[in-house]
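User: I would like to go through this model and ask, for several of its labels, what grounds there are for using them.

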Amino acid sequence: MTASRSLHRLARQFTAFFGVGVAAAVVHYGLLIALVEGAGTHPVPATLAGYVAGGLVSYVLNRKHTYESDRPHREATWRFALVAFVGFLVTWFLMHAFTVWLDGPYLPSQVITTGVVMLWSFMAHKRWTFA
């Protein structure tokens, strides 16, 4: 494959990943805000619940639309879960640091956290989960 085709494929995958991420983020942030504002839940457990719900959306859509993977579900699901677990830990750490240690507002904290976890997840899924 030429460098130009590889770059084009990478750009297409990242664009699809971003679109899937938007759908997953709507689920994640929707649950986060509902739990914090509606149920009075602390932002850290609320964002972790949102992370799991968004992760389910992410798996289904990324497998089909981003990576067009034919890796069997029995392999892809545990790999996805491991990558998601690392992202879950990073989400916990960053949200805890921003909202507890630094007493920052939860939504801007979540935006920064989402960006960091998005980059990690894209590369890990591309190279390992759905490869």
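The exchange below takes up these labels one at a time for a model that is predicted.

User: What makes E68 and R12 a salt bridge?
Analyst: The closest N and O atoms of E68 and R12 are 3.9 Å apart, and the criterion asks for a side-chain nitrogen of Lys or Arg within 4 Å of a carboxyl oxygen of Asp or Glu, so the pair qualifies. The pair links distant parts of the chain, since E68 sits in the loop between α2 and α3 while R12 belongs to helix α1, 56 residues apart. A search of the whole structure finds 2 salt bridges.

User: How do you know that the crossing of α1 and α4 is described properly, and what are its angle and axis distance?
Analyst: Two packed helices are described by the angle between their axes and the distance between the axes. For helix α1 (residues 3–39) and helix α4 (residues 106–129) the angle is about 140° and the axes lie 10 Å apart, and the crossing is right-handed. Among the residues making the contact are F14, F17 and F18 of α1 and L107, V111 and F122 of α4. The contact residues divide into 14 nonpolar, 6 polar and 2 charged.

User: Why are W78, L82, F85, L89 and W128 called a nonpolar patch?
Analyst: Membership requires over 30% relative accessible area, no salt bridge, and nonpolar side chains joined within 5 Å; W78, L82, F85, L89 and W128 form such a patch on the surface, with about 500 Å² of accessible area together. Helix α3 (residues 73–101) gives the most to the patch, with 4 residues, and F85 lies in that helix.

User: Which residues does A53 contact, leaving aside its neighbours within four places in sequence?
Analyst: A53, placed in helix α2 (residues 43–66), is in contact with V27 and L31, where contact means heavy atoms within 4.5 Å. The C-alpha atoms of A53 and L31 are separated by 8.1 Å, although these residues are 22 apart along the chain.

Note on methods. Residues numbered from 1 in each chain as written. Predicted model: local features only at pLDDT ≥ 70, side-chain atom pairs only at ≥ 80, totals over all residues. Heavy atoms only, no water. Axes fitted to C-alpha atoms, helices over the stretch in contact; angles between N-to-C directions. Helix = DSSP H or I, 4+ residues; strand = E, 2+ residues; numbered from the N terminus. Left-handed = near helix turned anticlockwise from the far one by under 90°. Nonpolar A, V, L, I, M, F, W, Y, C, P; charged D, E, K, R; others polar. Patch = residues over 30% accessible without salt bridge, like charges linked within 9 Å, V, L, I, M, F, W, Y side chains within 5 Å. Areas by Shrake-Rupley, 256 points an atom, 1.4 Å probe, with all protein chains shown as cover.
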